[in-house]
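This report looks at aromatic contacts and at the surroundings of a ligand. Please keep the sequence and the structure in view while reading.

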Amino acid sequence: MTQTTAQTWLTRIRELALPRPIRLMNVCGGHERSISFSGIRGALPPGIEIIPGPGCPVCVCPEEDLYDAIRLSLEEDIVLVAFGDMLRVPVNVPKGEPRSLEQARAAGADVRAIASPQEAAAIARAEPGKPVVFFVAGFETTTAPVAAMLAEGVPDNLLILLAARLTWPAVAMLLDSGEAAFDALIAPGHVATVMGPEEWSFVIDRHRMPAAIAGFTPESLLAATYSVLRQAIEGKPFLDNCYPELVRPGGNPTARRWLNEVMQVEDANWRGIGIIPDSGFTPRPAWQHLDARRVFPAPEGARRRAGEMPPGCDCAAVVLGKIYPDQCRLYGRACTPRSPIGPCMVSDEGACRIWWSSGLRE
Ligand code: SF4
């Protein structure tokens with residue numbers, strides 16, 4: 001079977017007669033990275049915009065969870081492990097206090113960057129006399145391996161501090177609000193690989209909005225772009241699977257079984273956005289003895305639910321697709337990857353970081 005090239009998809013897109021300008025939203029840091037680095041935006045004809053949406057779990061990790069992680073890291077004997085981009089995410093604290101895990105480490109905390117859940121377990125085995133707290137901010141694709149690890153058994157001293165979120169409720173919240181600034185959705189291929197494409201059917205069923213699931217190559221993203229544009233022109237929305245090589249009906253049954261066995265879903269706070277119903281994973285009762293929040297509860301008076309982005313930071317508007325990263329007043333001025341103000345400039349999945357790294361600098 002011959003593969004349709006990116007150039008062919010672009011030609012097909014340019015041949016479409018759009019009745020009006022159309023805005024597409026992607027909700028995946030990997031998609032945004034591929035779109036930005038391959039120059040897809042600049043190659044599309046006028047009238048087609050692709051806006052980055054809620055695709056970065058680190059960016060929406062609530063301040064209270066970051067406070068908890070910093071607080072625990074500063075406890076004597078605790079080893080705090082997290083994926084690397086969590087270490088530099090800043091929070092609002094009074095002058096003199098560590099404003100990130102990286103600063104806590106500089107103040108003497110044992111904070112270590114890891115690349116996989118297995119590394120967290122290995123550190124716990126190597127440090128049997130210390131509690132090792134694994135701070136996890138991620139979507140379904142990150143949470144499923146953590147659930148599998150817990151289900152298969154972890155060292156007694158490994159605890160988890162979860163800030164795990166589901167992707168689709170943020171899109172549902174945007175669409176239900178009536179303030180969605182997009183006309184079609186490019187749904188995340190990796191999430192659909194785990195959870196199944198059916199999770200995104202509500203976009204069509206409830207909102208009659210064109211949608212297509214895309215992989216991470218420019219070809220797959222352009223195929224999804226072409227699909228949703230055709231759907232919009234013909235007025236016949238349906239959920240197109242443009243990533244059939246990995247996305248199958250029902251998703252990955254093993255990963256879903258782990259998630260379902262170990263995690264429950266509840267309302268959750270998204271930084272700068274607020275509570276989104278049924279959007280967060282927490283451990284089921286059988287695994288709550290591994291929940292760092294329960295083992296080391298926050299003391300009375302600890303900072304809770306601040307919920308704000310740093311002053312002047314427009315991350316919440318960027319995450320919700322209401323503005324482009326370079327429309328933030330701080331973008332490239334006070335806020336750069338070297339000196340980030342907000343989480344969207346820290347994380348590899350943050351739109352501001354991706355735009356800056358790919359050369360989108362006004
Ligand atoms: Fe926040 Fe910096 Fe992005 Fe502005 S450029 S929204 S301050 S992360």
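The sections below cover the aromatic pairs, the charges over rings and the ligand site of this predicted model.

## Aromatic pairs

Across the whole structure, a search gives 8 aromatic pairs. One of them joins W9 and Y226, with ring centres 5.5 Å apart and planes at 45°. The pair counts as tilted, because that class holds angles that are neither under 30 degrees nor over 60.

This contact connects distant parts of the chain, since 217 residues separate its two members. W9 belongs to helix 1 (residues 6-15), and Y226 to helix 11 (residues 218-234). Both W9 and Y226 are buried.

Elsewhere, a single aromatic cluster is made up of W168, W200 and F202.

## Charges over rings

W9 has a further partner: the charged end of R12 sits over its ring, 4.8 Å from the centre. A second arrangement of this kind involves R257, which lies over the face of W258 at 5.1 Å from the ring centre.

## Ligand site

The ligand takes up the space of the second largest cavity. Around the ligand are the cysteines C313, C315, C328, C335, C344 and C352, together with D314, L330, Y331, I341, G342 and M345.

Sorted by class, this shell has 10 nonpolar residues, 1 polar residue and 1 charged residue. The cysteines fall in the nonpolar group because Cys is counted there. D314 is in the shell, and Asp counts as charged; G342 is also in the shell, and Gly counts as polar.

Definitions and conventions:
Residues are numbered from 1 along each chain as its sequence is written. This is a predicted model: local features need pLDDT of at least 70, side-chain atom pairs count only at pLDDT 80 or more; totals for chains, interfaces and linings use all residues. Side-chain values use heavy atoms; hydrogens and water are left out. Rings of Phe, Tyr and Trp (its six-membered ring) pair if their centres lie within 6.5 Å; planes under 30 degrees apart count as stacked, over 60 as edge-to-face and the rest as tilted. Helices (H or I, at least four residues) and strands (E, at least two) are DSSP runs, numbered from the N terminus. Buried means under 20% relative accessible area, exposed over 50%, partly exposed in between (1.4 Å probe, protein chains only). A charge sits over a ring if NZ of Lys or CZ of Arg is within 6 Å of the ring centre and within 35 degrees of the ring normal. A residue is near a molecule or strand if one of its heavy atoms lies within 4 Å of it. On a 1 Å grid over the protein atoms alone, a cavity is a set of points where a 1.4 Å probe fits but cannot get out, and a pocket is an open set with protein on both sides within 12 Å along at least five of seven lines; lining residues have an atom within 4 Å of a point. A molecule sits in a cavity or pocket if more than half of its atoms lie within 2 Å of its grid points.
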